[in-house]
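Please open the model in your viewer and keep the selection panel at hand. The tour goes from one selection to the next, with a description of what is found at each stop.

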Amino acid sequence: MKALVKRNLKAYASVMLLYIFAAFLVFYIGINIWENYFTESSDHMMKIYSDMANILVLFIPLLTMGSFTLEKAGGTDRILFTSSLNMPLIVLGKYLAAFTAFSAVMLAALIIPSVILMMSGVYFAEVLSMIIGELLIGSAVIAFGLFISSLSSHEYRAFVVTVAGLFGWWVIDTLMHNVSSQAFKWVLNGVSIFDKYQLFSNGFISLSAVFFLLSVTALFLLFAVQSLLIWRRKR
Amino acid sequence: MLNVKDLRKYYGKTTALSGISFHISKNETTAFFGPDGSGKTTLLDILSGYLLRYRGLVEYTGFRDQEPGTYSKKASYIPAKTVLYQEMKASDYLEYIYGINRGKRNLNSEIRKMSELEETGITSFLGREISDLNLLEKKEMMIAAELLARPSVLLIDDPFEGLRSDEIDRMSLFLRSIQDKTTLIMASDRLMGFSDLCRQTIVLNKGKIVSSKDENLFMHRKHTNSIRLKVFSSPEDIRSAFQFVPGIGEIDFQMSSERNLLEVVLYVDTEDDIRREIWNAAVNFNIPIYEMRTMQVSPEELYLQMTGN
């Protein structure tokens, strides 16, 4: 599996689009920090930090869109699926590569805002909790993106569907704060992932949120394994 | 080594393989030939464990696990028309394939140990990117990468596809040098390059085996020689005249372009020269022979006959 992770990381490192997006993120973050640092309170800074975390998630469809679609389109799926790795290991390898790439870009983008936040009086533990929250949400979204990629043979189709899925989650979050029905709210809360970030941004590492996001990750990875197995069995 | 019995594969209403059976022994090189759509790639997909849904029996003797999809651990597969990871170097590709095939030993020492790889010159292009390699180098790299994990069976789809004739010779030499290391199973729509390689050849057409059991296209002598005559006679007289000539099998008749003459094809199933006996038989039956030509049916012609082209 190490070989699979390494190959995928090298593939990410060779995609210009990812560099452009990462550069844009750092630039965007820099502008926001510069504009607000001297005028706003640390609370406002936390809000910006949270927004940036959401934008970072947009990076994920770029990472996951080609994970399986490119293998299928290029015919290398035959080599990969007939190797000694079984399907769960293949999916896990792809996940680890995407998660490592996401973590690297995220940490690079958030390092300066994190330092500024700490300089403005926010405790390191709070910043750390936000980073952990972001990593966990990223992990869940990566698993979702891999699942979508496993369903398709077209890279850009996988990208569009993953972005649409993320948009759906944001809509769920917005609805959740605006519906009056408690039952409906409870259901929406059960499937919302971005709302969980609020817990981390308040400086708490909520075990229930950690468990929830890890469960979402595991669930979508399992879905990806199953969809690939079904795809092979149906052929 | 490999037993396949009554293997069937359907894609919806289309039949890709309709009940094929064969046996391949250990370290025996076998080639499947057939035109496009004959079921070759589907067959390799099944033998490699890539396709999981089929009917019939695929049994690798000596493999612990016979579940489709798990015997791929011993059977490596090199598909045709693969778009490789262009961003990788050849050495990275070897490392990647060795890794996903769970090679246990040190990769560099394994490469050094395989003297066959030296012959291909692969060590000279290990540092180059895949996008810079020519087709032959890419194919050699793919085969070398799979070989490093020492598979029991190596399945190669169209090993000579897209190669120039000099490259075909080089690839053929390479494949010959690795024959004793693994059971080589290949598929192609053309015979070029395979003549000195295969112990067994199996011809597929429309999902069925159309060659005889244990027949090798390249070793075939029976019915591959024929003698064509232009005679002034009737088919009945011809049959009477040649029925007792040893070595003559089937007899075909065609209309000659020359008026009143009959063209006769005598299929010969002996390697002896029987032209004298044919001449004598014709004289005895008072059949004038206007022309006699010996015809060698090449493996390619035989293949085309089998596949109906």
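Begin with the largest nonpolar core, which holds 121 residues, and select Phe102(A), Ile142(A), Ala143(A), Leu146(A) and Leu155(B), the members that touch the most other members. The model is a predicted one. Colour H7(A) next, since the largest share of this core, 13 residues, comes from that helix. In general terms, nonpolar side chains in soluble globular proteins tend to be buried together.

Stay with Phe102(A) and show its surroundings: once neighbours within four places in sequence are left aside, Phe102(A) is in contact with Phe59(A), Ile60(A), Leu63(A), Gly138(A) and Ile142(A). Another core, of 15 residues, lies apart from the largest one, and Ile227(B), Phe242(B), Leu266(B) and Ile287(B) are among its members.

Now show chain A by itself, as a cartoon. Chain A has 12 helices and zero strands, and buried residues make up 39% of its 235 residues. Among contacts in chain A between residues at least 6 apart in sequence, 79% join residues at least 24 apart.

Select H7(A) together with helix H8 of chain A, residues 124-151; the two pack at an angle of about 150 degrees, with their axes 9 Å apart. Angles over 145 degrees count as roughly antiparallel, and H7(A) is therefore roughly antiparallel to H8(A). Their crossing is right-handed. On the H7(A) side, the residues to display include Val91(A), Tyr95(A), Phe99(A), Phe102(A), Met106(A) and Leu110(A), and those they meet in H8(A) include Ile131(A), Leu135(A), Gly138(A), Ile142(A), Ala143(A) and Leu146(A). By class, the residues of the contact of H7(A) with H8(A) divide into 16 nonpolar, four polar and two charged.

Keep H7(A), residues 87-119, on screen and exchange its partner for helix H12 of chain A, residues 207-234, which packs against H7(A) at an angle of about 130 degrees, with the axes 9 Å apart. How are H7(A) and H12(A) placed relative to each other, oblique or roughly antiparallel? Because roughly antiparallel is reserved for angles over 145 degrees, and the angle here is about 130 degrees, H7(A) and H12(A) are oblique to each other. H7(A) passes H12(A) in a right-handed crossing. Display Met87(A), Pro88(A), Val91(A), Leu92(A) and Tyr95(A) in H7(A), which meet Leu221(A), Ala224(A), Val225(A), Leu228(A) and Leu229(A) in H12(A). The residues of this contact divide into 10 nonpolar, no polar and no charged.

Bring chain B back and turn to the contact between the chains, which takes 22 residues from chain A and 24 residues from chain B. On the side of chain A that touches chain B, the elements giving two or more residues are helix H1 (2-13), helix H6 (77-81) and H12 of chain A. H1(A) gives the most, with six residues. By class, this side of chain A has seven nonpolar, seven polar and eight charged residues.

Zoom in on H1(A) and helix H2 of chain B, residues 90-100, whose axes come within 7 Å and cross at roughly 145 degrees. Lys2(A), Ala3(A), Leu4(A), Arg7(A) and Lys10(A) make this contact from H1(A), and Asp92(B), Glu95(B), Tyr96(B), Gly99(B) and Ile100(B) make it from H2(B). The contact has four nonpolar, one polar and five charged residues.

The last selections are single residues in chain B. Most residues other than glycine have a negative phi. Asp6(B), found in strand E1 (residues 2-11) of chain B, has a positive phi of about 50 degrees although it is not a glycine. Asp158(B), in the loop between strand E6 (153-157) and helix H6 (165-178) of chain B, likewise has a positive phi, near 50 degrees.

Is each of these two residues buried or exposed? Asp6(B) is exposed, with 12 other C-beta atoms within 10 Å, whereas Asp158(B) counts as buried, with 20 C-beta neighbours inside 10 Å.

Finish at Ser124(B), in the loop between helix H4 (115-120) and helix H5 (135-147) of chain B. Ser124(B) counts as exposed, because it has 11 C-beta neighbours inside 10 Å. Draw a distance from its C-alpha atom to that of Met171(B), 47 residues apart along the chain, and the separation is 16 Å.

How values were computed:
Residues numbered from 1 in each chain as written. Chains lettered and ligands numbered in written order. Predicted model: local features only at pLDDT ≥ 70, side-chain atom pairs only at ≥ 80, totals over all residues. Axes fitted to C-alpha atoms, helices over the stretch in contact; angles between N-to-C directions. Helix = DSSP H or I, 4+ residues; strand = E, 2+ residues; numbered from the N terminus. Parallel < 35°, antiparallel > 145°, perpendicular 65-115°, else oblique. Left-handed = near helix turned anticlockwise from the far one by under 90°. Contact = placed C-beta atoms within 7 Å. Nonpolar A, V, L, I, M, F, W, Y, C, P; charged D, E, K, R; others polar. Core = buried A, V, L, I, M, F, W, Y, C linked by C-beta atoms within 7 Å.
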